[in-house]
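Work through these exercises with the model open. Each task is followed by a solution in steps.

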Amino acid sequence: MQTAVTPKALADPPLPQRLKLSAAWASLTFCYLYGDYFGLYKPGKLQHMLDGAGPMGAISQGSLLFVASLLIVPGLMVFISFVLQARLARWLHIGLALFYATFVAFTMPGAWWFYLAYSTVEIMLCAAIVCLAWAWPRASARTTMELA
């Protein structure tokens with residue numbers, strides 16, 4: 001039995017898993033950046049920075065490198081989603097998303113509401129990344145034979 005297609009019906013082709021994962025990492029990166037940006041509006045925050053204090057105590061090259069790496073990795077995952085071998089990419093997505101969800105959860109106690117909102121979305125994005133990576137499509141026997 002065939003379904004009638006109306007002229008106004010929109011096509012909704014399935015998206016590749018790698019594209020979904022890349023988009024989730026991009027969204028996560030934007031949430032991190034905007035959350036940090038809005039954090040600058042907290043009273044006293046800029047003065048705190050001008051006094052030499054960073055997110056983990058006194059500002060040093062090492063502390064800034066650590067904080068920078070926390071943003072570099074999700075940004076790189078946007079690209080890495082497309083270039084790594086599937087098995088390695090899958091486990092990297094799962095491991096890093098679990099790490100970031102845990103890290104964000106530890107920063108939530110006592111945070112302002114805007115930060116809690118961003119953190120909640122970030123944890124949900126990490127959960128989506130884990131679910132997408134876990135459900136990575138398997139190659140069929142036919143596909144495997146075609147690749148050989």
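Helices here are DSSP runs of H or I with at least four residues, numbered from the N terminus. The model is predicted.

**Exercise 1.** Place V104 in the fold, and decide whether V104 is buried or exposed.

*Solution.*
Step 1. Find the element: V104 lies in helix 4.
Step 2. Take the cut-off: buried means under 20% relative accessible area.
Step 3. Apply it. V104 has a relative accessible area of 3%, so V104 is buried.
Step 4. List the contacts. Leaving out residues up to four places away in sequence, V104 touches Y32, S119, E122 and I123.
Step 5. Check a distance along the chain. R87 is 17 residues from V104, and their C-alpha atoms are 26 Å apart.

**Exercise 2.** Describe the largest pocket and its lining.

*Solution.*
Step 1. Start with volume: the largest pocket holds about 980 Å³ of space.
Step 2. Look at the centre. The lining has 33 residues, and D36, K45, P55, V67 and Y115 are the closest to the centre.
Step 3. Assign elements. Those giving two or more residues include helix 1 (17-39), helix 3 (61-83) and helix 5 (113-134).
Step 4. Find the top contributor: helix 1 gives the most, with 6 residues.
Step 5. Sort by type. The lining has 23 nonpolar, 6 polar and 4 charged residues.

**Exercise 3.** Do likewise for the second largest pocket.

*Solution.*
Step 1. The volume is about 200 Å³.
Step 2. The lining residues include R87, W91, W136 and R138.
Step 3. By type, the lining splits into 5 nonpolar, 1 polar and 3 charged residues.

Definitions and conventions
Residues numbered from 1 in each chain as written. Predicted model: local features only at pLDDT ≥ 70, side-chain atom pairs only at ≥ 80, totals over all residues. Heavy atoms only, no water. 1 Å grid on protein atoms, 1.4 Å probe; cavity = no way out; pocket = protein on both sides within 12 Å on 5 of 7 lines; lining within 4 Å. Points joined across faces, edges and corners; volume = space filled by probe spheres on them. Nonpolar A, V, L, I, M, F, W, Y, C, P; charged D, E, K, R; others polar. Buried < 20%, exposed > 50% of the residue type's maximum accessible area, 1.4 Å probe, protein only. Contact = heavy atoms within 4.5 Å.
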